[in-house]
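Please open the model in your viewer, and keep the sequence panel beside it. The tour below tells you what to select at each stop and what is to be found there.

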Amino acid sequence: MPVFALVDCNNFYVSCERVFNPRLAGKPVIVLSNNDGCAVARSNEAKALGIEMGAPVFQIREIIRNNQVQVYSSNYALYGDMSRRVMRTLARFTPKMEVYSIDEAFLDLSHFGRFDLTAYGRRVKTTVEQWTGIPVSIGIAGTKTLAKIANRLAKYSHKAGGVLDLSDGKYLGQALEAVAAADVWGVGRKHAKFLADRKIRNARQLRDADDSVIRKKMGVVGIRLLNELRGISCYSLEQSPPQRKSIVVSRTFKNEIESLDELLEAVSAYVSSGAEKLRKEKLAAGKLTVQLTTSRFRENYCRDSMAVKLPVQTHDTAELIGCARDGLRKIYKKGYRYKKVGIVLHDLSPENLVQASFLDAVDRERSEKLMRAIDLINDDMGSGAIQYGAVGWSRSQGWKTAFRHRSPSYTTRWDQLPEVG
DNA sequence: TCTGGGGTCCTAGGACCC
DNA sequence: TCTGGGGTCCTAGGACCC
């Protein structure tokens with residue numbers, strides 16, 4: 001029988017900010033999405049004020065002002081680095097673990113039967129907090145879905161104190177009853193409504209639901225979910241991440257944009273960063289999709305996309321930019337006020353397995369040399385030190401993302417180290 | 001006025017082939 | 001005039017996750 005421990009960092013982005021700014025302790029703090037649009041992380045104090053996950057900032061201005069909520073823009077360099085520190089610490093406690101997201105990891109505790117798992121969990125929790133400053137909660141159970149549920153209860157129950165072991169099954173029924181069906185891992189907004197309409201309100205009722213009803217609406221994923229709730233493990237630990245299937249780069253603009261030229265600049269910039277990522281991971285893309293959308297909160301919400309096949313899989317920035325610009329010109333419609341463009345690179349292969357073509361018009365050797373040189377210069381002198389003209393150089397690029405409340409990159413930039421004085 | 005970004009998996013439907 | 005059915009591949013869209 002497998003045993004999984006899910007370790008989840010509490011209010012992760014907020015906790016990262018607090019490590020370097022202890023005065024934030026005990027205060028309501030939120031971290032915002034790109035363009036400072038929505039609250040994507042909230043401290044417990046902020047949650048208590050009624051600030052919901054994903055709440056648009058303009059709707060909570062009053063709460064922020066009246067309660068002196070501390071507001072931060074996202075600082076992914078900082079959070080990524082803190083995440084690595086947490087994961088390195090966790091790795092010492094198990095031979096097998098899966099880094100599930102920036103703030104979560106599954107630990108395999110299958111052969112730890114002789115230990116008191118709750119006590120072991122406490123040791124993990126204390127160590128992570130001492131070594132990194134990040135508070136975590138730990139849920140332990142026989143399937144990943146049940147471990148998620150245990151984690152949720154560990155986080156919010158006073159008695160559990162941050163660690164809950166449900167692996168022996170004794171309190172499982174009670175635990176399932178205490179968790180709303182809508183909060184079960186794999187149940188989203190649509191399915192939550194479907195379940196509510198059928199009076200399936202908590203995880204226990206969901207576990208005992210009729211397979212055929214679930215199957216019809218939620219497909220095979222729903223059946224797997226039921227099995228997981230019943231203690232039959234369907235999702236195993238993935239130690240090494242499978243090969244990536246796509247790379248997405250998309251941004252919402254500060255303002256709406258009508259001009260094709262500006263959209264072309266933006267799309268060129270996104271392709272540049274996507275291509276950089278491809279090369280960093282030694283991949284090449286066979287297909288590129290361009291997406292163009294107006295604001296989904298306005299009338300006549302409109303989105304278009306177009307997939308363009310590359311003649312040969314590539315990670316050459318210029319080639320990909322050309323392809324994306326062609327695609328964009330085809331889907332662009334004059335008179336629309338666009339709010340977002342994005343590109344998706346897919347049909348990915350390892351760069352050394354790319355199929356050569358007799359009809360290839362590009363000198364691959366030269367292109368490789370050029371890309372290497374560009375990456376070296378940007379690594380050395382800061383990203384964007386050298387870039388394609390297609391990205392544009394005017395100062396007033398309306399598509400640039402805004403971060404008005406960004407904290408310093410304390411751990412990844414020498415010039416932004418915190419000072420103790 | 002102001003509403004994020006990056007992923008995966010599954011399904012349905014169309015094109016095509018035998 | 002009558003006109004099958006199954007397999008595969010591709011794509012777009014939906015639902016979910018963090």
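What follows is a walk from the whole chain to its core and then to single residues.

This is a predicted model, in which local features need pLDDT of at least 70 and side-chain atom pairs count only at pLDDT 80 or more, while totals for chains, interfaces and linings use all residues. Residues are numbered from 1 along each chain as its sequence is written, chains are lettered from A and ligands numbered from 1 in the order in which they are written, and side-chain values use heavy atoms, with hydrogens and water left out.

**The whole chain**

Select chain A and colour it by secondary structure: it has 13 helices and 12 strands, where helices (H or I, at least four residues) and strands (E, at least two) are DSSP runs numbered from the N terminus. Turn the C-alpha trace about its principal axes, along which it spans about 65 × 60 × 45 Å. The radius of gyration of chain A is 24 Å, which agrees with the value near 22 Å for a compact globule of 421 residues; the radius is taken over C-alpha atoms, and the globule rule is 2.2 Å times the number of residues to the power 0.38.

Of the 421 residues, 45% count as buried, a word that means under 20% relative accessible area, whereas exposed means over 50% and partly exposed lies in between (1.4 Å probe, protein chains only). Contacts, meaning heavy atoms within 4.5 Å, can be sorted by distance along the chain: among those with a separation of 6 or more, 69% are between residues 24 or more positions apart.

**The largest nonpolar core**

Now select Phe12, Leu90, Leu107, Leu109 and Ile138, which touch the most other members of the largest nonpolar core, a group of 35 residues. Several elements supply at least two residues each to this core, including strand S1 (4-9), helix H1 (12-20), strand S6 (104-108) and strand S7 (136-141). Which helix gives the most to this core? Select H4, which gives 6 residues. A nonpolar core is a set of buried Ala, Val, Leu, Ile, Met, Phe, Trp, Tyr and Cys residues joined through side-chain atoms within 4.5 Å.

**Three buried residues**

Go to aspartate 8 in strand S1, which counts as buried because its relative accessibility is 11%. Although valine 136 is 128 residues away in sequence, its C-alpha is 5.5 Å from that of aspartate 8. Leaving aside neighbours within four places in sequence, the contacts of aspartate 8 include Glu104, Val136, Asn151 and Lys155.

Next, select lysine 144, in helix H6 (residues 144-156). Is lysine 144 buried or exposed? At 4% relative accessibility, lysine 144 counts as buried, and, again leaving aside neighbours within four places, its contacts include Glu98, Trp185, Glu228 and Glu238.

Move on to leucine 225, in helix H10 (residues 211-229), which is also buried, at 5% relative accessibility. Not counting residues up to four places away, leucine 225 touches Thr145, Val184, Trp185, Val187, Leu206 and Met218.

**Two exposed loop residues**

Finally, select lysine 282, in the loop between helix H11 (260-280) and strand S10 (283-294); its phi is near 55°, a positive value in a residue other than glycine, and at 52% relative accessibility lysine 282 counts as exposed. Asparagine 300, in the loop between S10 and strand S11 (303-314), has a positive phi of about 60° although it is not a glycine, and it counts as exposed at 65% relative accessibility.
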